[in-house]
Amino acid sequence: MPGIDKLPIEETLEDSPQTRSLLGVFEEDAAAISNYVNQLFQAMHRIYDAQNELSAATHLTSKLLKEYEQQLSSCHAVLSTQLADAMMFPITQFKERDLKEILTLKEVFQIASNDHDAAITRYSRLSKRRENEKIKAEVTEDVYTSRKKQHQTMMHYFCALNTLQYKKKIAMLEPLLGYMQAQISFFKMGSENLNEQLEEFLTNIGTSVQNVRREMECEVETMQQTIEDLEVASDPLYLPDPDPTKFPVHRNLTRKAGYLNARNKTGLVSSSWERQFYFTQGGNLMSQARGDVAGGLVMDIDNCSVMAVDCEDRRYCFQITSFDGKKSSILQAESKKDYEEWICTINNISKQIYLSENPEEIAARVNQSALEAVTPSPSFQQRHESMRPTVQSRPPATRTSSTGSLGSESAALSALSLDSLVAPDTPIQFDIISPVSEDQPGQAKTSGQSGRRTNPFGETGGSKSETEDSILHQLFIVRFLGSMEVKYDESPDVVYETMRQILAARAIHNIFRMTESHLLVTCDCLKLIDPQTQVTRLRFPLPNVVLYATHQENKRLFGFVLRTSGGRVDSRQTSVCYIFESNNEGEKICDSVGLAKQIAFHAELDRKASEKQKEIDRVKEKQQKELNKQKQIEKDLEEQSRLIAASSRSNQSSGEGQFVVLSSSQSEDSDLGEDGKKKRESEA
């Protein structure tokens, strides 16, 4: 006999929309069988009733015809008994027992499915910040019980539907076979010449029915054994968050399917969560709701970005953003294993590894290469003092563009190896050490400055901001990916290599969380500001920013190199590369930094020119004062000379015997002459 389609019992635990769709086909088939059997039962019941009526009528006639009483009454009584046993009993049993069992299992399965959905919804709403072990244990136990109940009910329901495919053949053939055998037996009583071909046909039908019955019994036994094996193997999977030591995370997947909770905004501040079946198909993320025939496109995940997010105090949430940044989705996984596998799978798909011949092998090789190339450290706590940016008086950087000003050195830089740019064993900082405040030159650092709130537009309440006089204020939303010390700061290749190592380290070590900040670009510095508290997290003096560039392919990634002085122990200069992700504004940020450096450079030139002009004016003013002083001295000397001459003339005209008494100073002046007077005045 040809093979009979069966429901896959092994896929009952996954409970995918495809399985539900196939289950719907079998349920429709069961409903059609039930309708047909009801009609067949009514038709055969009419035959049975008619035969009973004929038997009763024949018995009454036999009483009147004494000679035929024994023969006719016995024939029709035997025929009625055979119809009752061979025709009515099988179809009645199929109708009253098997079909009602299907309906009962369907109701029990629907109840178990609803209970499981309610338990999953309650588990998804568990708070991550306010964990209550008692509530978590109750919810976990509820999910375990409901999932186990749904799985067992679904397996028995599938088994019953698969068995129905065999029973329907028996239920249709046995009544017809019984009817024909009863009629043949009835006719055998009146005829000795029975058709041998008809007997052979009935024998074949009987043999076929027995074969179907034996095949059904073997299949039922096999399905029962499968159910027992699956129950034992699936017991740990009933927990919503299974033990990661028993079920390791697969990071080399390029295909993934499963249920996720999707966040849908219903208003300005309100949102709802909907549980749907998600699966990847090539470079597309698809979703399919229960009852849908096929899935629908959610977004194109080629060259997309995926990261872990905090959303409404829910566990295991992550966000997928399309390559152009115009579309994003926030999803929630049921367990940490699914959460990490979804993020790794989408990362692998975004790199278009699925287009190769052996995608999982290539993904494993890429992850292994990245693991060997990077040795990350989650923090720079011990090295923070030596890497803090400090303000020093130094000439402005000559390189103010991201990549255009470096074209003349491209031939020399191409010979540099990656190890000469970034050492393979350099630690990586993934967190922002906040808050950090830097003092301006000549200012004393006070305890109140470290936590001072900063308005991103340069305005503060009560004190004058250090950036208030800047003519450039541009604000960007950025997410900090990481930073590490570099050995070379004269080529954009060092930024590209730092991006590669930081992204590889995040993917390998499952560091998906990123700190979002506001980047304020002014003519004095770059500031990372906390968007909630407006506290300055980090401040980068603009003269110390010696290099900046965007990613060559993903323009949302950008970075810059900060040249800093050494710490208390090591006085050498170090260069640190900081990498950020923006909302598709990497080139705009680099252009803004370049504009700020140009403005700062011209402002520095204007300041120096102004200081030089002031110095020239001070020298001229000093010379003018000296000249005026010299003129005043000469004027005083001329006046004194006139007084002395007038006094001499008056003494000569006063006559003999009169004389003038001079002071000692006047006598000395007259003795010294004109030169002596000038010298004395000069000394005075």
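**Exercise 1. Place R130 in this predicted model: which loop holds R130, and is R130 buried or exposed?**

Step 1. Let's start with the chain. R130 sits in the loop that links helix 2 (69–124) to helix 3 (133–190).

Step 2. Next, check the accessibility. The relative accessibility of R130 is 65%, and the cut-off for exposed is over 50%. So R130 counts as exposed.

Step 3. Now look across space. R130 and D313 are 183 residues apart in sequence, yet their C-alpha atoms are 8.8 Å apart.

**Exercise 2. Work out the order of the seven strands in the open sheet, and say which strands are at its edges.**

Step 1. Walk across the sheet from one side to the other. You'll meet the strands in the order 4-3-2-1-7-6-5, with antiparallel pairing.

Step 2. Look at the ends of that order. Strand 4 (296–300) and strand 5 are the edge strands, as each of them pairs on one side only.

Step 3. Check the twist. Ignoring direction, neighbouring strands of this sheet are turned by 40° against each other on average.

Step 4. Zoom in on one pair. Strand 1 (residues 257–265) and strand 7 (residues 328–332) run antiparallel and are joined by two bridges. Here N261 stands opposite Q332 in strand 7.

**Exercise 3. Find out which strands helix 5 touches as it packs on the sheet, then see where S350 fits in.**

Step 1. List the strands. Helix 5 touches strand 1, strand 2 (271–281), strand 3 (284–288), strand 5 and strand 6 (317–321).

Step 2. Compare directions. Helix 5 makes an angle of about 15° with strand 6.

Step 3. Pick out S350, which lies in helix 5. Its relative accessibility is 9%, and buried means under 20%, so S350 counts as buried.

Step 4. Ask who its partners are. Leaving out residues up to four places away in sequence, S350 touches I301, D302, N303 and C304.

**Exercise 4. Compare Y316 and Q352: what is the phi of Y316, and what is the phi of Q352?**

Step 1. Recall the usual pattern: most residues other than glycine have a negative phi.

Step 2. Read off the angles. Y316 has a positive phi of about 55°, while Q352 has a positive phi of about 60°. Y316 is not a glycine, and Q352 isn't one either.

Step 3. Locate them. Y316 is in the loop between strand 5 and strand 6; Q352 is in the loop between helix 5 and helix 6.

Step 4. Finish with accessibility. Y316 has a relative accessible area of 17%, so it is buried. Q352, at 35%, counts as partly exposed.

**Exercise 5. Describe the largest pocket: how many residues line it, and which helix supplies the largest share of the lining?**

Step 1. Begin with its volume, which is about 1,100 Å³.

Step 2. Count the lining. There are 33 residues, and K351, L503, H551, N554 and L557 lie nearest the centre of the pocket.

Step 3. Trace where they come from. Strand 5 (305–308), helix 5 (336–350), helix 6 (359–373) and helix 10 (493–508) each give at least two residues to the lining. Helix 10 supplies the largest share, with eight residues.

Step 4. Sort the lining by chemistry. You get 17 nonpolar, nine polar and seven charged residues.

Note on methods. Residues are numbered from 1 along each chain as its sequence is written. This is a predicted model: local features need pLDDT of at least 70, side-chain atom pairs count only at pLDDT 80 or more; totals for chains, interfaces and linings use all residues. Side-chain values use heavy atoms; hydrogens and water are left out. On a 1 Å grid over the protein atoms alone, a cavity is a set of points where a 1.4 Å probe fits but cannot get out, and a pocket is an open set with protein on both sides within 12 Å along at least five of seven lines; lining residues have an atom within 4 Å of a point. Grid points are joined across faces, edges and corners, and a volume is the space filled by probe spheres set on the points. Helices (H or I, at least four residues) and strands (E, at least two) are DSSP runs, numbered from the N terminus. Ala, Val, Leu, Ile, Met, Phe, Trp, Tyr, Cys and Pro count as nonpolar, Asp, Glu, Lys and Arg as charged, and the others, Gly among them, as polar. Two strands pair if DSSP finds at least two bridges between them. Axes are lines fitted to C-alpha atoms, for helices over the stretch in contact, and angles run from 0 to 180 degrees between N-to-C directions. Contact means heavy atoms within 4.5 Å. Buried means under 20% relative accessible area, exposed over 50%, partly exposed in between (1.4 Å probe, protein chains only).
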